[in-house]
Amino acid sequence: MTRGDYAAVDHGEWDRIKTRLKKEFGESAFKSWVKPIVLDGIRNGEVELAVPTRFMRDWVLTHYADRIRALWLSENPAVKRVSIKVASGAPAAVPAAPGRTSAAQLPTPPTPQRAPVPFGSDLSASLDPRYTFTNFIVGKPNEFAYAAAKRVAEADEISFNPLFLYGGVGLGKTHLMHAIAWEIRQRAPQRRVIYMSAEKFMYSFVRALRNQDTVSFKEQFRAVDVLMIDDVQFIAGKDATQEEFFHTFNALVDQGRQIVLSADKSPSNMEEIGDRLRSRLASGLVADLHPTTFELRLSILDAKAESLGADVPVKVKEFLAHKITSNVRELEGALTRLCAHSQLVGSEITLETAQTLLQDLLRAHDRKLTMEEIQRRVAEHYKIRLSDMSSARRARVVARPRQVAMYLAKQLTSRSLPEIGRAFGGRDHTTVMHAVRKIEELCRDDVAFAEDVELLTRMLEN
Ligand code: ADP
Ligand code: MG
């Protein structure tokens with residue numbers, strides 16, 4: 001590549017942007033993801049950034065690109081685009097030296113490897129003391145998952161491997177995983193348990209790659225008795241991590257170690273992972289946590305009120321259990337808010353105070369957005385016929401708005417991909433998935449388009 005046609009690079013701008021990013025995302029995210037980015041040059045209004053691996057590029061693109069772009073724009077109005085490429089020679093963790101003014105000096109020469117960071121005790125995330133089996137309220141929707149978790153925690157021999165827990169947000173997956181870890185810690189303290197989020201797994205893996213220390217990374221995991229990874233949907237589609245996870249997983253299963261995983265969907269619905277991994281994930285016991293019932297919500301409120309030492313009238317609990325149906329986290333949040341308020345102002349909790357205090361929360365739940373409504377608003381916005389949302393026409397002028405509507409249906413309703421497909425003229429769920437991906441991609445690459453989608457989202461949410 002010739003470097004002569006680069007505009008002179010003002011590293012001061014990039015330094016200021018990095019300082020901002022550090023403030024916004026925090027020290028550790030900054031160190032892992034922002035610091036290694038090298039400013040390669042600015043050409044024809046395009047800022048060219050480089051990172052050492054493809055994986056990092058994908059990560060930065062999905063998590064930080066929007067913000068980086070916005071900050072560049074505010075620093076330098078001449079900037080039109082920001083691109084991120086993989087430069088194999090890019091130093092892994094060393095940003096370009098400050099004060100450099102000419103791109104001719106790039107790329108930055110590789111600096112000596114930093115000492116590898118040893119893996120150790122910090123590998124497992126800390127456990128929430130409230131998340132125990134005793135504190136888990138069992139009802140019809142979660143009794144199977146509860147029983148399976150309990151079995152894994154109490155068994156001396158492995159009966160199913162992996163245990164795969166799945167269910168929507170806030171239904172108790174993390175709670176059950178912590179409960180397993182607590183129980184094992186108590187019953188068999190010599191057993192080595194690692195509990196971590198898939199995000200952390202990925203982060204550790206990338207750090208190991210960067211420090212060229214993947215051997216000890218692997219050894220750490222392969223030395224455990226029980227490996228628990230939370231929210232594995234997070235790894236799906238991230239090829240390098242997925243591959244590494246698969247190997248670790250296989251090695252552990254082969255050695256007869258227990259694996260527990262959680263995700264927001266079942267293995268068969270994890271579209272982005274390969275068949276091998278999918279069938280491996282489903283080869284043990286797959287247990288789902290169903291949405292809560294009124295009875296379960298009421299029992300959870302009873303238990304929670306008691307643990308808070310709060311006197312909550314039955315009427316109020318019933319009211320909450322009727323109104324807040326989305327997930328347990330919100331339910332708990334509502335109750336905590338009521339209790340905190342009554343303690344602060346020294347008043348009793350009544351139905352009236354509940355209604356006033358939780359107004360915003362309740363309103364959000366009162367209104368259920370329908371797919372029909374989404375289709376109508378999107379059709380209006382793009383000036384196409386409503387019937388084209390379900391027609392077979394493939395012309396871009398109707399196909400794109402249709403994809404936007406599918407995307408919004410996925411984002412703003414709790415409908416499944418097949419359900420959405422049916423509402424759009426009986427399309428296949430893979431078509432919906434493709435639409436969602438396509439729109440995400442366009443939003444990333446095209447600011448104007450992203451704003452359009454954002455606008456529609458806000459209109460529909462109000
Ligand atoms: P997930 O990991 O599935 O998103 P969490 O395990 O984080 O959900 O649960 C969200 C909150 O709801 C936590 O505070 C958890 O303790 C609580 N919770 C969920 N299900 C139950 C239950 N059956 N009994 C008691 N608390 C629950
Ligand atoms: Mg969770």
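Trainee: Why does Asp-40 count as buried?

Mentor: In this predicted model, Asp-40 has a relative accessibility of 5%. Buried means under 20%, so Asp-40 is called buried.

Trainee: What makes the contact of Asp-40 and Lys-85 a salt bridge?

Mentor: Their side chains meet at 2.6 Å, N to O. The cut-off for a nitrogen of Lys and a carboxyl oxygen of Asp is within 4 Å, and therefore the pair qualifies. Asp-40 belongs to strand β1 (residues 38-43) and Lys-85 to strand β3 (residues 81-86), 45 residues apart, and the pair thus links distant parts of the chain. Asp-40 and Lys-85 also belong to a network of salt bridges with Arg-43 and Glu-48.

Trainee: Why is Lys-85 called partly exposed?

Mentor: The relative accessible area of Lys-85 is 24%. Partly exposed lies between the limits of 20% and 50%, so the term applies to Lys-85.

Trainee: How do you know that Arg-187 forms a salt bridge with Glu-183?

Mentor: The closest N and O atoms of Arg-187 and Glu-183 are 2.9 Å apart. This value is within 4 Å, so the pair is a salt bridge. Both residues lie in helix α6 (residues 173-187), four residues apart, about one turn of the helix.

Trainee: Why is Glu-183 classed as buried or exposed?

Mentor: Glu-183 has 15% relative accessibility. Since buried means under 20%, Glu-183 counts as buried. Arg-187, at 49%, counts as partly exposed because exposed requires over 50%.

Trainee: What makes Asp-275 exposed?

Mentor: Its relative accessibility is 58%. That is over 50%, so Asp-275 counts as exposed. Asp-275 forms a salt bridge with Arg-278.

Definitions and conventions: Residues are numbered from 1 along each chain as its sequence is written. Chains are lettered from A and ligands numbered from 1 in the order in which they are written. This is a predicted model: local features need pLDDT of at least 70, side-chain atom pairs count only at pLDDT 80 or more; totals for chains, interfaces and linings use all residues. Side-chain values use heavy atoms; hydrogens and water are left out. Helices (H or I, at least four residues) and strands (E, at least two) are DSSP runs, numbered from the N terminus. Buried means under 20% relative accessible area, exposed over 50%, partly exposed in between (1.4 Å probe, protein chains only).
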